[in-house]
Amino acid sequence: MGRLLSLFMGGNFYIAISVGTLVCYLFLLSCFVSISREERVVHYLRIILVALSCWTGGSVLMRLQISPGMQFWFHFSILGLLIIPVGMYGFLFCVLEIQGKQKLLNICMLASIVTLLLNAYTECLLPVPEIQQLPGGNISYIYHARPGIWLWIVAEWILLIYVTVLAHRKIGTQYEYRRKLGPLLLGMLLVFAGNIACITPLGKNLPLDALGGAGMAICILHVIFTQYFFSISSRFITGAAYFGATVVAFIPVVWFGRIADGLFDKGSPDEQMVIIFIVAEGIWCILISALARSWAEHILIRKRKYIVDSLLEFQDSVTSIMNKDKLYLMIRETVNAAVKDCCVHILEERDGVFAEYTENGMVPLAKEVEARLEQFLDSGRVYKDPAFAVFKYDAKIYGFLYVELCRKNRLIYDEIDCIRQIGNSVSSVLKSINAYERLYQVSIHDGLTGLYNRNFCRENLGKLDITARPVGMIYMDMDNFKLYNELYGESIGDQVLCWCAKQLQEAADDSMKVFRMGANEFLIITAEDNKDKLISFAKQIQKIMLETTEDKPKVIQLITFSIGIAWDKSMAEDADELAQQAKRASFYAKGNGKNCIEVYEKDLKEKDQESEGSEKGYSQVSPTIFALMAAIDAKDSFTFEHSENVSRYAEKLAAKLGLPKEDIQTVKVAGLLHDIGKIGIQDSILKKQGKLTDEEYSIIKTHVEKSVEMIRVLPHMDYVIPAVLSHHERYDGKGYPNGIRGNEIPILGRILTVCDSFDAMVSRRAYKEAMSIEYATGELERGKGTQFDPDVAQAFIELIRENPSFIAQ
């Protein structure tokens with residue numbers, strides 16, 4: 001220690017440079033003292049740092065002439081110098097993922113050891129330097145190279161050129177690797193150049209080898225600070241902890257050295273005292289090492305806590321997300337928690353144009369910003385910039401995350417790793433979300449017209465709160481649509497529907513949703529409850545339908561709609577009822593001459609008009625109804641009587657439930673026609689006295705579809721189809737033909753179910769006797785919530801108790 005201080009005090013900057021370089025290497029080595037076996041890049045970097053420390057440390061100890069002597073430390077330094085290229089080549093191969101070169105590295109390592117031993121015994125390359133005393137008391141070292149050294153230099157240069165060619169081929173156009181690896185190659189060239197210069201006349205009295213080592217240290221620091229090979233913050237914290245612990249651990253050695261010098265002056269030191277000191281120093285080193293490790297881990301855990309916790313929570317939650325808005329919001333929250341003082345930008349590509357996600361939704365980019373972004377993407381820099389994470393799957397970019405720092409210092413490795421992992425997780429999740437959205441869009445759109453379908457309408461009506469926001473309903477029933485199919489064929493009919501759907505979609509603004517509700521029926525839900533504006537829009541639709549466009553199907557008849565409007569939410573309990581009111585208004589419009597607009601209102605005059613419309617509509621269809629009833633009577637008198645009874649019960653029950661007059665009229669007609677499909681059932685099955693087989697029962701069940709098919713061909717009768725189609729559905733979903741449940745079953749269908757079941761129990765059949773009214777009402781009570789709507793069944797039971805005389809006996 002005293003000799004080192006005297007060299008510094010004597011102005012020997014040669015040794016100062018070497019010691020400074022050695023301290024730098026030892027500090028960097030302490031940063032990477034603990035690594036996992038999988039971190040091969042860090043493994044080779046540690047080999048480089050160990051070799052550099054051996055070379056520089058051996059040189060310093062040789063100049064200090066520390067025991068076991070100058071010759072030992074000289075060869076120790078040469079060992080480090082020979083290993084530097086091996087570690088550097090392994091590092092390059094690992095970073096560039098050049099495979100199959102481990103054998104070359106092993107040969108180079110073996111050749112380095114053989115060269116060292118050969119030089120140590122024969123001094124055929126470079127003997128121990130000669131000491132020369134300079135004026136002023138400083139010491140200089142003169143190297144006398146042997147001819148063999150030039151063979152070694154040529155061999156190293158050939159190997160270096162070979163490795164450089166391999167790296168150049170592997171790198172290709174990936175210029176970011178050139179920026180990362182270039183400084184390391186430069187540092188190695190500085191080390192070689194400095195050592196070669198020392199054996200030339202130019203470097204006899206200049207510390208060129210030490211300067212080359214300092215240059216290598218600077219290059220390594222540059223790579224670590226400016227490129228992103230490692231988690232720099234955690235490595236430096238670890239290095240500071242272990243390096244500081246090493247310094248503290250050696251304080252007792254310095255102290256004991258001073259005591260030992262005094263003891264040597266007085267004679268031989270006590271052997272027992274030396275042993276005690278060695279044991280105590282060992283315990284001290286263990287304690288300091290444990291404290292250093294604990295301190296480093298504590299700081300690292302505290303430093304990475306927010307990043308790790310945020311990333312883990314994100315990765316645990318993101319796989320279950322099926323909504324982009326929720327995903328993007330979670331990305332923003334996670335990055336803001338992991339990266340301090342940043343602004344998060346999430347950009348998504350839609351139809352070839354990029355838009356940025358904000359708290360208010362997607363916002364298109366300005367044209368100049370989009371142009372710069374396209375140029376940035378084309379350059380490939382988005383893959384190299386650590387502030388970017390690309391959302392990519394199936395070889396296509398769908399968007400990316402950009403983290404803009406609002407602070408002066410750069411992103412640390414843990415933050416970069418968090419951004420990259422978020423990008424990787426989001427890419428796979430986006431693929432699932434997009435696939436889900438495609439399936440969802442198919443499920444909510446009509447396959448023919450592309451409009452929203454009936455099921456999605458039901459979903460919207462269930463979520464719509466008419467008390468909290470303005471809502472208007474416009475129901476459109478195409479007039480005489482059956483004629484298009486009959487006169488021109490179904491393909492032309494489909495073209496007419498598609499053209500009408502297109503016109504409706506184009507006429508609707510952003511506040512409107514257009515649904516296809518039936519074969520030729522459409523519903524528009526709009527955020528507008530002003531009656532005059534709704535009527536004006538309905539008139540606009542009428543005008544559009546009469547216009548001629550290039551893509552309009554060539555049909556002779558005019559394309560017109562009977563349009564119903566409902567807007568007064570004081571008359572409806574919910575959105576579903578408001579939609580039903582619009583539908584009934586369209587029915588009145590059709591009954592009043594078609595191509596009309598009717599508004600569902602509470603005004604007394606409107607009520608009278610509704611009543612007249614109902615009677616007028618019924619008078620139009622009554623001859624057809626009674627003709628069908630006559631056919632049923634000729635086929636099976638039991639079915640005729642049953643239909644009359646169900647019609648009468650249903651009319652009374654609908655009135656009991658407080659339904660509008662038009663619904664009472666509809667359920668009355670539906671009760672008469674609900675079993676007309678039995679006309680197509682064989683008499684042997686229809687009038688069988690014994691129990692039906694499974695096959696026969698399956699045939700009986702087809703009467704529902706047959707009834708609907710017969711009603712469809714009748715003029716002005718479509719309005720009873722929902723009730724007829726659903727009169728064998730069960731409240732628990734176990735009915736037929738569609739297996740729908742609860743409120744999915746139309747209210748008129750639920751009424752027919754109760755009335756049909758009750759009359760089937762109390763009426764006599766060829767295969768059974770009539771049951772008592774008490775037994776039948778008991779069955780209705782037991783069937784609440786399973787077969788029957790509880791409210792409808794209870795209303796019918798009360799109706800019997802209030803007026804039992806209306807039951808047919």
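Which residues does Glu521 touch, not counting residues up to four places away in sequence? The answer is Tyr475, Met476, Asp477, Phe515, Arg516 and Lys583. Keep in mind that this is a predicted model. The protein chain has 809 residues, and 47% of them are buried. Its secondary structure comes to 29 helices and twelve strands. Take the contacts between residues at least 6 apart in sequence: 67% of them join residues at least 24 apart.

**Glu521, a buried acid**

- You'll find Glu521 in strand β10, which covers residues 521-526.
- Glu521 is buried, yet it has no salt bridge.
- The nearest side chain of opposite charge belongs to Lys583, and that is 4.5 Å away. A salt bridge here needs the nitrogen and the carboxyl oxygen within 4 Å, so the pair doesn't count as one.
- Lys583 still turns up among the residues that Glu521 touches.
- What Glu521 does have is a polar contact of 2.6 Å, side chain to side chain, with Tyr475.

**The five-stranded sheet and helix α12**

- Five strands make an open sheet, and going across it you meet them in the order β5-β4-β3-β7-β6, with antiparallel pairing.
- At the edges sit β5 (361-364) and β6 (388-393), each of which pairs on one side only.
- On average, neighbouring strands of this sheet are turned by 30° against each other, direction ignored.
- Strand β4 (residues 353-358) is joined to β5 by four bridges, and the two run antiparallel.
- One pair to look at is Thr358 and its bridge partner in β5, Gly361.
- Helix α12 (residues 324-338) lies across β3 (342-350), β4, β6 and β7 (396-405). The helix runs at about 155° to β3.
- Arg332 is in helix α12. With a relative accessibility of 14%, Arg332 counts as buried, because the cut-off for buried is under 20%.
- Setting aside neighbours within four places in sequence, Arg332 is in contact with Val344, Ile346, Tyr357 and Thr358. Thr358 is the residue already met as the bridge partner of Gly361.

**Salt bridges**

- Side chains of opposite charge can pair when their charged atoms come close.
- The salt bridge count comes to twelve.
- Lys463 and Glu459 form one of them, with 3.3 Å between the closest N and O atoms. The two are four residues apart in helix α15 (residues 454-463), so about one helical turn separates them.
- How accessible is that pair, exposed or buried? Lys463 is exposed, at 65% relative accessible area, whereas Glu459 is partly exposed at 31%.
- Lys502 and Asp551 form another salt bridge, their closest N and O atoms being 3.0 Å apart. This pair links distant parts of the chain, with the partners 49 residues apart.
- Lys502 belongs to helix α17 (residues 490-507), while Asp551 is in the loop between α18 (531-546) and β11 (561-566).
- Lys502 is partly exposed at 39% relative accessible area, and Asp551 is partly exposed with a value of 39% too.
- Lys784 and Glu781 also meet through their side chains in a salt bridge, at 2.9 Å from N to O. Lys784 is partly exposed, with 22% relative accessible area. Glu781 counts as partly exposed as well, at 37%.
- There's a network too: Arg584, Glu662 and Asp663 are joined into one by salt bridges that share partners.

**Around Pro790**

- Pro790 is in helix α29, which covers residues 790-802.
- At 28% relative accessible area, Pro790 is partly exposed.
- Not counting residues up to four places away in sequence, Pro790 touches Tyr731, Lys784 and Gly785. Lys784 is the residue that has the salt bridge with Glu781.
- Tyr731 is 59 residues from Pro790 along the chain, and their C-alpha atoms are separated by 8.7 Å.

Definitions and conventions: Residues numbered from 1 in each chain as written. Predicted model: local features only at pLDDT ≥ 70, side-chain atom pairs only at ≥ 80, totals over all residues. Heavy atoms only, no water. Buried < 20%, exposed > 50% of the residue type's maximum accessible area, 1.4 Å probe, protein only. Lys, Arg positive; Asp, Glu negative; His and termini not counted. Polar contact = N/O pair within 3.5 Å; in protein donor to acceptor, adjacent residues only side chain to side chain. Contact = heavy atoms within 4.5 Å. Pairing = 2+ DSSP bridges. Axes fitted to C-alpha atoms, helices over the stretch in contact; angles between N-to-C directions.
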